[in-house]
Amino acid sequence: MTQPPLFPPPFPIDEYRSRLAALRSAMAERRVDLLIVDQAEHRAYFSGFWSTAAMYQALLIPLDQEPIAVIRGLDAPCFSEASRYSDCVAFADSENPIQIVAETIKARGFAASVIGIERDSHFLTVNRALELESRLPNARMVDFSRLMWEMRLVKSPLELACLEVAAEICDRAAAAAFGAAQVGINEREVFAAMTSEAWRSGADNAQVAVISSGPSTSFHASLSGRVLEKGDIVFVEPVPHFRDYTARMMRPKVIGAPTDEEVRTAETMIRIQDEQFRTMRPGVHARTVDRVVREGMLAAGLRDSYTDITGYTLGLKCPPRTSDFTRVFLAGSDWQLEENQVFHMYTSARGLPFSETVVVTPEGGKRLTKMERKLFY
């Protein structure tokens, strides 16, 4: 049995206290007395606890008191085990979560306070927001959108350690997939080899990979169960999570011998993308980084047009999102890179995709995924 990677230690309480201190500074600047955090990723980031989205749950963060979790009673034991905080209000499945949140806010003395809410949360629906406001008529609700997404962009050393493990799982999973991908093999067997290796190596999410096969490939194809034939391109994209931190990588394999055009295409793409990685230094504008791949691919004649993004944020990620677009690389992207930001940088042409998990360093982008950059066959 394959030995898993060397796992880093769990985040200590100081990691969460540091995050909370930064958040409270932002709350103080905006004169927010209490913040309602209901985006699952943010709740996990600030408390260490993640739960399913079957029912509304929230983390209430006062400016100067310990956070209070309002969670489904079924999840209370998990909260006690995973969270770095202990104050918890549990509700029964027969109760209204929004009502419990409002009653908890009143009971803790914040009924007439300035309350921050995440209007960009995937969990605070319009109906829920309106009900919350109606149950707290004396409070003043202020928008706290985007700020927590931005706070999470630069990774701590411990976060980078989790991403490095996730990246190693990517390498192992892709290698297992390509070992199984042969003429006459059902692509489900390839997928099983890839996902099994991911789980053995430490992945803790259910959807750990993407696969596509055939004369052409697609990023978002569904598993079809087709049998691999000579000349097929098999595209794999492991997307494992380790402690909810996700890395990603794309590689293609040709079943049989590749054509000369496929070899030239792959070599050109890799050269262009490697040049892009070298530009990924702190202070460089995202549009400058993007231009290397976007214009390079067009100039090389590998695409007739290029409307896709060439990279996006990686880090802590929970459902319902499949990708984190807090930062993306486009021709007009008007933001600058910072040290220890991590991105999924990708490109494709003629059915051949290549991508890496890349961290920004003073020397340029450093690949956390280490698999050889080539067209496999």
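Here is a short tour of this predicted model, stop by stop, with something to select at each one.

**Stop 1: the largest nonpolar core.** Start by selecting Leu23, Leu35, Phe46, Ile61, Phe144 and Val236. Of the 67 residues in the largest nonpolar core, these touch the most other members. Now add helix α7, residues 157-180: with twelve residues, α7 gives this core its largest share.

Stay with the core and zoom in on isoleucine 61. What is isoleucine 61 in contact with, leaving aside its neighbours within four places in sequence? Show Leu20, Leu23, Arg24, Met27, Asp33, Leu34, Leu35, Val37, Phe46 and Pro67, and you have the set.

**Stop 2: another core.** Apart from the largest core lies another one, of 23 residues. Pick out Met55, Tyr56, Ile98 and Ala129, which are among its members.

**Stop 3: helix α4.** You have just met Ile98, so select the helix it belongs to, α4, residues 97-107. Colour Pro97, Ile98, Ile100, Val101, Ala102, Thr104 and Ile105, as these are buried. What do the buried residues of α4 pack against? Bring up the strands β1 (34-37), β2 (58-62), β3 (68-72), β4 (88-91) and β5 (114-117), plus helix α5 (126-135).

Next, look at the two ends. At the N-terminal end, asparagine 96 caps α4, with a side-chain oxygen 3.0 Å from the backbone nitrogen of isoleucine 98. After the helix comes glycine 109, which has a positive phi, near 90°.

**Stop 4: arginine 251.** Jump to strand β11, residues 251-254, where you'll find arginine 251. Is arginine 251 buried or exposed? Its relative accessibility is 0%, so it counts as buried. Show the side chain of glutamate 356 too: a polar contact of 2.5 Å joins it to the side chain of arginine 251.

**Stop 5: alanine 349.** Select strand β14, residues 342-349, and go to alanine 349. This alanine 349 counts as buried because its relative accessibility is 4%, and the cut-off for buried is under 20%. Beyond its neighbours within four places in sequence, alanine 349 is in contact with Thr265, Met269, Met297, Leu302 and Arg303. For a distance check, pick glycine 179: the two are 170 residues apart in sequence, and their C-alpha atoms are 24 Å apart.

**Stop 6: the largest cavity.** The model has three cavities of 30 Å³ or more, and the largest has a volume of about 50 Å³. To see its lining, select Trp149, Arg152, Leu153, Lys155, Thr313, Leu314, Gly315, Leu316 and Asp324. Colour them by type and you get four nonpolar, two polar and three charged residues.

Terms used
Residues numbered from 1 in each chain as written. Predicted model: local features only at pLDDT ≥ 70, side-chain atom pairs only at ≥ 80, totals over all residues. Heavy atoms only, no water. Core = buried A, V, L, I, M, F, W, Y, C linked by side-chain atoms within 4.5 Å. Buried < 20%, exposed > 50% of the residue type's maximum accessible area, 1.4 Å probe, protein only. Helix = DSSP H or I, 4+ residues; strand = E, 2+ residues; numbered from the N terminus. Contact = heavy atoms within 4.5 Å. Polar contact = N/O pair within 3.5 Å; in protein donor to acceptor, adjacent residues only side chain to side chain. 1 Å grid on protein atoms, 1.4 Å probe; cavity = no way out; pocket = protein on both sides within 12 Å on 5 of 7 lines; lining within 4 Å. Points joined across faces, edges and corners; volume = space filled by probe spheres on them. Nonpolar A, V, L, I, M, F, W, Y, C, P; charged D, E, K, R; others polar.
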